[in-house]
Amino acid sequence: MRFYNSDSKPFCVHGVFKENGKYRRIPENVANSVSDEVLFLHTNTAGGRIRFRTNSKRVAIIAKMDGIGKMPHFALSGSAGFDMYVDDRYAGSFIPPFDIATEYESCLELDSEQMKNITINFPLYSNLNELYIGIDEGATLQSPVPYRHTKPIVYYGSSITQGGCASRPGNSYESILSRLFDCDYVNLGFSGSAKAEDEMIHYISGLDMSVFVYDYDHNAPSIEHLKNTHEKMFKAIRNKNPNLPIIIMSRPKYDLDGQEQERLVIIRTTYENAVSEGDKNVYFISGRQLMSKALDNGTVDKVHPNDFGFYSMADALGNVLKTILDSTVIIGISYLR
């Protein structure tokens with residue numbers, strides 16, 4: 001096999017970028033200005049992808065990593081593994097050994113020597129420093145077919161947004177929707193650390209995005225904090241992006257206790273105030289809607305979705321994105337890919 005550095009052409013890397021020897025989701029100086037926790041998490045490669053075309057019958061990776069995410073409730077194949085899609089169909093996972101420390105290699109066999117579009121999704125809760133892609137010696141390597149929607153959707157939120165606890169990266173709800181709508185995206189989920197800080201609001205407001213989706217209810221440390229920041233974040237992003245579709249979501253949970261109901265009222269009030277002021281590009285999805293397909297079977301710990309929970313979230317969010325991005329997309333069966 002012949003190996004190529006992921007930073008070279010014709011590979012296209014999405015959702016992350018290289019800075020000071022690491023893949024990152026936001027610039028290091030921005031992360032440092034937000035909080036120590038966001039600085040720690042911004043090098044987790046949630047939402048990162050590499051795309052290319054090849055006729056190789058084998059695809060391999062050599063991944064050099066640090067900060068390996070190992071948790072008792074989270075499959076290592078999701079927190080530290082890669083998975084691969086061929087023409088948007090799941091083709092297998094590059095699963096790390098359980099004793100992984102800093103690097104590993106893995107190879108997948110494919111069915112044909114036809115040219116195909118390859119997407120490899122990066123780990124959700126680990127850091128990637130270097131990646132090498134291997135294909136058969138003599139095989140063709142080309143640039144990928146571009147996304148139909150090249151301007152990315154930006155997602156901001158908690159550990160759920162980051163992808164906890166999908167069994168593999170391609171099962172996060174953002175990844176499901178990316179395949180369904182053929183759209184690029186950026187994952188700004190920061191586990192336990194999404195608190196709508198002024199620095200984060202300023203950074204997101206300046207991004208060039210097709211849609212903004214946010215839900216940081218779980219990470220707001222108090223009802224008062226949520227009340228003081230939720231509508232503030234909406235207005236700041238709306239002021240900088242007057243025509244941007246913004247989707248407001250509450251925590252993905254079907255049954256709420258008293259405090260959670262209070263939080264829901266705050267979040268919904270942001271939406272209702274925007275509508276009453278004539279905003280035509282704001283949408284609201286409740287946590288009950290997000291988990292309506294999965295109900296009690298959708299989490300690993302009554303908080304973090306499993307694959308079924310992420311499927312349910314993608315279904316609810318997909319019905320809204322359908323009106324924004326592509327009304328021809330068939331919701332439902334497409335998620336089985």
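## Burial and the D136–R58 pair

A residue counts as buried when its relative accessible area is under 20%, and as exposed when that area is over 50%, with partly exposed in between. In this predicted model, D136 has a relative accessibility of 17% and therefore counts as buried. R58, at 29%, is partly exposed.

The side chains of D136 and R58 form a salt bridge, with an N to O distance of 2.7 Å. This contact links distant parts of the chain, the two residues being 78 residues apart. D136 lies in the loop between strand 11 (127–135) and strand 12 (141–142), whereas R58 belongs to strand 6 (residues 58–66).

## Other salt bridges

The count of salt bridges comes to 19. One of them joins E103 to K64, whose closest N and O atoms are 3.4 Å apart. E103 is in strand 9 (residues 103–109) and K64 is in strand 6, so that pairing also links distant parts of the chain, 39 residues apart. Both partners are partly exposed: E103 has a relative accessibility of 43%, and K64 one of 26%.

A further salt bridge connects the side chains of R251 and E260, at 3.0 Å from N to O. R251 and E260 are both buried. They belong to one network, in which salt bridges with shared partners join D217, R251, K253, E260 and R263.

## The largest pocket

The largest pocket holds about 220 Å³ of space. Its lining consists of P252, K253, Y254, D255, M291, L295, D296, T299, K302 and V303. Of these lining residues, five are nonpolar, one is polar and four are charged. K253 thus appears both in the pocket lining and in the salt-bridge network.

Methods:
Residues numbered from 1 in each chain as written. Predicted model: local features only at pLDDT ≥ 70, side-chain atom pairs only at ≥ 80, totals over all residues. Heavy atoms only, no water. 1 Å grid on protein atoms, 1.4 Å probe; cavity = no way out; pocket = protein on both sides within 12 Å on 5 of 7 lines; lining within 4 Å. Points joined across faces, edges and corners; volume = space filled by probe spheres on them. Nonpolar A, V, L, I, M, F, W, Y, C, P; charged D, E, K, R; others polar. Salt bridge = Lys/Arg side-chain N within 4 Å of Asp/Glu carboxyl O. Helix = DSSP H or I, 4+ residues; strand = E, 2+ residues; numbered from the N terminus. Buried < 20%, exposed > 50% of the residue type's maximum accessible area, 1.4 Å probe, protein only.
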